[in-house]
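Have the sequence and the 3D view open side by side. The paragraphs below go from one element to the next and then to the core.

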Amino acid sequence: MTKLRDLLNRIIWDPSEKKEKDKYLITYRDGRIERDMQLDQITKVDGFGFTTFDDSYIPLHRIRAVRKGPEIIWRKNP
């Protein structure tokens with residue numbers, strides 16, 4: 001399976017994905033709550049997490065799934 005960081009970078013920076021970027025959702029854990037955010041809110045991905053437009057930093061270990069529409073394309077191993 002694709003590494004999460006590589007997947008996020010490909011979706012964000014690949015020109016062929018530019019029109020599709022708003023269809024991606026990331027499910028991440030915020031404390032005990034799971035939240036969804038659109039991938040087009042990400043401005044930078046580094047080795048440990050990503051930064052959003054509002055300068056929030058979300059570590060990669062908090063991400064539970066990446067979906068494109070209803071299809072799960074990446075899921076964290078339980």
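Two strands are said to pair if DSSP finds at least two bridges between them. The model discussed here is predicted. In it, strand 6 and strand 7 pair in the antiparallel sense, over four bridges. The two strands form a hairpin with two residues between them, and in that turn Gly69 has a positive phi of about 65°. On this hairpin, Lys68 stands opposite Glu71 in strand 7.

A further set of strands makes up an open sheet. Its three strands run in the order 3-4-5, and the pairing is antiparallel. Strand 3 and strand 5 (57–59) are the edge strands, each pairing on one side only. From one strand to the next, the twist averages 25°. Between strand 3 and strand 4 there are three bridges, again in the antiparallel sense, and Val45 stands opposite Phe50 in strand 4. Helix 1 packs on this sheet, where it touches strand 3 and strand 4. The direction of helix 1 makes about 135° with that of strand 3.

Strand 4 also holds Thr51. Is Thr51 buried or exposed? The cut-off for buried is under 20% relative accessible area, and Thr51 has 18%, so it counts as buried. Leaving aside neighbours within four places in sequence, Thr51 is in contact with Gln41, Ile42, Thr43, Lys44, Ser56 and Tyr57.

Now turn to helix 1, which spans residues 4–13. Its buried residues are Leu4, Leu7, Leu8, Ile11 and Ile12. Seen down the helix axis, these residues fall within an arc of 125°, so they line one face of helix 1. The spacing follows a general rule: an α-helix has 3.6 residues a turn, so residues three or four places apart point the same way. The buried residues of helix 1 pack against strand 3 (42–45) and strand 4 (49–52), and also against strand 1 (24–30), strand 6 (63–68) and strand 7 (71–75).

What do these elements contribute to the largest nonpolar core? This core has 18 residues, and those that touch the most other members are Leu8, Ile26, Leu39, Ile42, Phe50, Ile63 and Val66. Helix 1, strand 1, strand 3 and strand 6 each supply at least two residues of the core. Helix 1 gives the most, with five residues. Leu39 shows some of the contacts involved: apart from neighbours within four places in sequence, Leu39 is in contact with Leu8, Ile11, Ile12, Lys21, Tyr24 and Ile26.

Conventions. Residues are numbered from 1 along each chain as its sequence is written. This is a predicted model: local features need pLDDT of at least 70, side-chain atom pairs count only at pLDDT 80 or more; totals for chains, interfaces and linings use all residues. Side-chain values use heavy atoms; hydrogens and water are left out. Buried means under 20% relative accessible area, exposed over 50%, partly exposed in between (1.4 Å probe, protein chains only). The arc is that of the directions from the helix axis to the C-beta atoms. Contact means heavy atoms within 4.5 Å. A nonpolar core is a set of buried Ala, Val, Leu, Ile, Met, Phe, Trp, Tyr and Cys residues joined through side-chain atoms within 4.5 Å. Axes are lines fitted to C-alpha atoms, for helices over the stretch in contact, and angles run from 0 to 180 degrees between N-to-C directions.
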